[in-house]
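Visitor: I should like to learn how the domains, interfaces and bonds of a structure are read. Could you guide me through the terms and then the case at hand?

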Amino acid sequence: MKITPEEVERVAALARLQLDGPEVERMTRQLDTILSYVAKLDEIDTQGVEVTTHTQQVVNAFREDEVQPSLQPEQALANAPEDNGASFSVPRIIR
Amino acid sequence: MDFEIVIGLEVHAQMNTKSKIFCGCSTEFGAPPNTHTCPVCLGMPGSLPVLNRQVVEAAIKLALATDSTINQENIFARKNYFYPDLPKGYQISQFELPIAEHGKLEIEVEGTKKTIGITRIHMEEDAGKLVHDELEPVSHVDLNRTGTPLLEIVSEPDLRSPAEATAYLKKLHAIVRYLDICDGNMQEGSFRCDANISLRPVGQEEFGIRTELKNMNSFKNVQLAMEYEVRRQRDVLLDGGRVIQQTLLWNPDKAQTETMRGKEEAHDYRYFPDPDLVPVVVDQDWISTVAAGLPELPDHRRRRFCEELGLNDYDAEILTSSRELADYFELALAEYGNAKKLGNFMGTELLREYGAEEIEACPVRPSQLARLLKMIEDNTISGKIAKTVFAEMLDKGQDPEVIVKEKGLVQMSDEGELQAMVREIIAANQEQAQQFRDGKTKVMGFFVGQLMQRTKGKANPKLANKLFQQELNTP
């Protein structure tokens with residue numbers, strides 16, 4: 001097995017997903033299939049190959065420090081499940 | 001048992017660019033909620049962040065000013081976590097290849113110099129702001145600050161006392177302000193600091209268990225919070241207990257650190273390179289160009305003030321604590337010439353009213369101060385009167401000449417006029433005159449005081465002394 005049910009539960013918690021028992025089992029099975037498939041890559045010898053973070057050769061894509069118009073607050077809030085007309089509303093959070 | 005304190009600081013400095021790090025929204029502070037957002041900083045699917053060149057410039061400046069090694073190729077990473085102030089579900093930051101590493105900063109505490117290592121400097125975006133509703137179990141999210149450029153500066157755990165940590169923080173603060181890359185406003189959160197603190201028995205190699213301190217929004221609070229936390233940990237350890245690794249918030253009202261409410265989760269940020277942003281390549285040409293434009297930094301300026309202007313270390317340190325103050329000093333000096341006297345006057349009279357960073361708001365301009373001090377030099381007014389005139393200048397913003405003239409404060413240096421008064425005072429105070437002749441020279445103060453009273457402080461003090469000496473010694 002490439003992944004355990006405990007790891008699936010942990011990843012679910014990090015992603016704020018609530019999974020019940022059968023779901024954990026199903027996800028473990030599916031993720032295991034995916035990971036096993038991807039694990040094929042491990043068979044390639046990468047000794048001496050530089051770590052690749054980007055596949056393109058482009059570097060230094062910059063913009064100049066200029067202010068552009070922002071959205072209207074109504075537009076910014078348009079997709080919010082709840083708002084008070086000025087801000088997004090979320091369940092009370094105390095950090 | 002004796003403990004050694006180990007402190008490392010993480011500083012977040014907001015860059016004073018006009019626009020955000022990855023989009024063109026304004027970074028202006030205090031705008032109505034959610035008026036500075038766009039699809040990029042709201043984290044809308046399909047939007048593409050593009051890096052603000054000015055942020056890279058600022059990072060290069062700070063790297064050069066802290067003797068850091070610039071990574072010629074550096075990349076952005078996603079730091080994944082869920083919180084309502086972070087619309088994308090990840091913060092764009094730098095992880096494996098930050099823009100700069102291995103820097104250092106020199107601090108001085110009670111005359112002892114020490115070099116503090118800087119682990120890394122990296123570019124990242126700020127998160128939004130949460131306002132907790134007073135009544136409802138609701139938090140309001142304002143995303144104006146989302147995407148404001150930050151430089152995070154992480155120190156090595158080289159600091160051994162809250163005083164050293166504060167000195168480091170002040171030095172870093174002075175540097176970002178000298179470089180003009182951050183406004184340094186701690187109240188508004190544009191210069192923030194988290195501290196990692198632990199204690200270990202003296203002589204022990206490995207670090208003790210640390211706590212992380214947050215929410216210290218002034219130099220004073222930083223020092224108080226760290227001192228409190230050191231005492232707290234020491235008490236725990238002396239009682240045979242164990243320090244719990246946790247994040248603590250400083251409560252300035254109660255002057256204590258508090259555990260954050262709610263359960264803390266183990267952090268697992270699952271960093272990975274951000275595919276939306278291409279690598280940043282900083283070549284030697286770019287570094288040289290930025291280096292050529294660097295201003296004189298506080299350490300260098302302080303040394304110059306000592307070596308070339310003859311100031312003592314203490315005055316030089318104070319006068320270079322902000323770029324504006326040092327500029328003010330040098331402008332006034334160009335007209336007045338006596339660095340020591342100018343430094344003294346600024347250190348006492350000016351800095352009592354205006355902090356080193358508020359000097360630009362001071363109505364008395366450098367040239368006016370220089371002219372005031374020149375009036376002492378050429379005996380137009382006494383040093384004491386100068387303080388009164390200065391207070392008036394601060395109050396009304398008028399020129400010193402105008403105040404001196406309008407209030408008739410010109411020093412009395414007419415020998416004949418003063419001599420007459422001196423004789424009258426001696427005649428009226430025969431007892432004290434005899435005491436003086438008997439060797440009780442302290443009564444000189446009394447006599448000069450009498451003359452000052454009669455002249456409303458305008459008598460030339462040197463001349464007054466001379467005349468009394470003369471008259472008292474020749475009966």
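Guide: The dialogue below takes up domains, the chain interface, salt bridges and cysteines in turn.

Visitor: What kind of model is this, and which residues count for local features?

Guide: This is a predicted model, in which local features need pLDDT of at least 70 and side-chain atom pairs count only at pLDDT 80 or more, while totals for chains, interfaces and linings use all residues. Residues are numbered from 1 along each chain as its sequence is written, chains are lettered from A and ligands numbered from 1 in the order in which they are written, and side-chain values use heavy atoms, with hydrogens and water left out.

Visitor: Which domains does the assignment give for chain B?

Guide: Domain bounds come from an automatic or database domain assignment. For chain B, that assignment gives domain 1 (3–286), domain 2 (314–406) and domain 3 (415–472). Taken over C-alpha atoms, the centres of domain 1 of chain B and domain 2 of chain B are separated by 37 Å. Their contact (heavy atoms within 4.5 Å) takes six residues from domain 1 of chain B and seven residues from domain 2 of chain B.

Visitor: How much area do domain 1 of chain B and domain 2 of chain B bury between them?

Guide: Buried area is the accessible area (1.4 Å probe) that two parts lose on being put together, summed over both. For domain 1 of chain B and domain 2 of chain B the value is about 540 Å², with 38% of it on carbon and sulfur atoms. H173(B), R177(B) and Y178(B) supply 81% of the area that domain 1 of chain B buries against domain 2 of chain B, more than any other three residues.

Visitor: How many salt bridges cross the interface of domain 1 of chain B and domain 2 of chain B?

Guide: A salt bridge is a side-chain nitrogen of Lys or Arg within 4 Å of a carboxyl oxygen of Asp or Glu. The rule finds one salt bridge across this interface. R177(B) and E324(B) meet through their side chains in a salt bridge, at 3.0 Å from N to O.

Visitor: How does one read the interface of chain B and chain A?

Guide: The same terms serve here. The contact takes 55 residues from chain B and 34 residues from chain A, and the area buried between the chains is about 4000 Å², of which carbon and sulfur atoms give 56%. R53(B), F82(B) and V278(B) supply 13% of the area that chain B buries against chain A, more than any other three residues. Two salt bridges are found across this interface. R53(B) also meets E64(A) in a salt bridge between side chains, at 2.9 Å from N to O.

Visitor: How many salt bridges does the whole structure hold?

Guide: The search finds 33 over all chains. Among them, R304(B) pairs with E330(B), the closest N and O atoms being 2.8 Å apart. R301(B) pairs with E296(B) at 3.7 Å. Accessibility is classed as buried under 20% relative accessible area, exposed over 50% and partly exposed in between (1.4 Å probe, protein chains only). R301(B) is buried at 6%, whereas E296(B) is partly exposed at 25%.

Visitor: Why is C25(B) not bonded to C38(B)?

Guide: A disulfide is a covalent bond between the sulfur atoms of two cysteines. The rule requires a pair of cysteine sulfur atoms within 2.5 Å. The structure holds zero disulfides over all chains. The sulfur of C25(B) has its closest cysteine sulfur in C38(B), 3.7 Å away, and is therefore too far for a bond. C38(B) is in no disulfide, with the nearest cysteine sulfur, that of C23(B), 3.7 Å away. C25(B) is buried at 1% relative accessible area, and C38(B) is buried at 10%.
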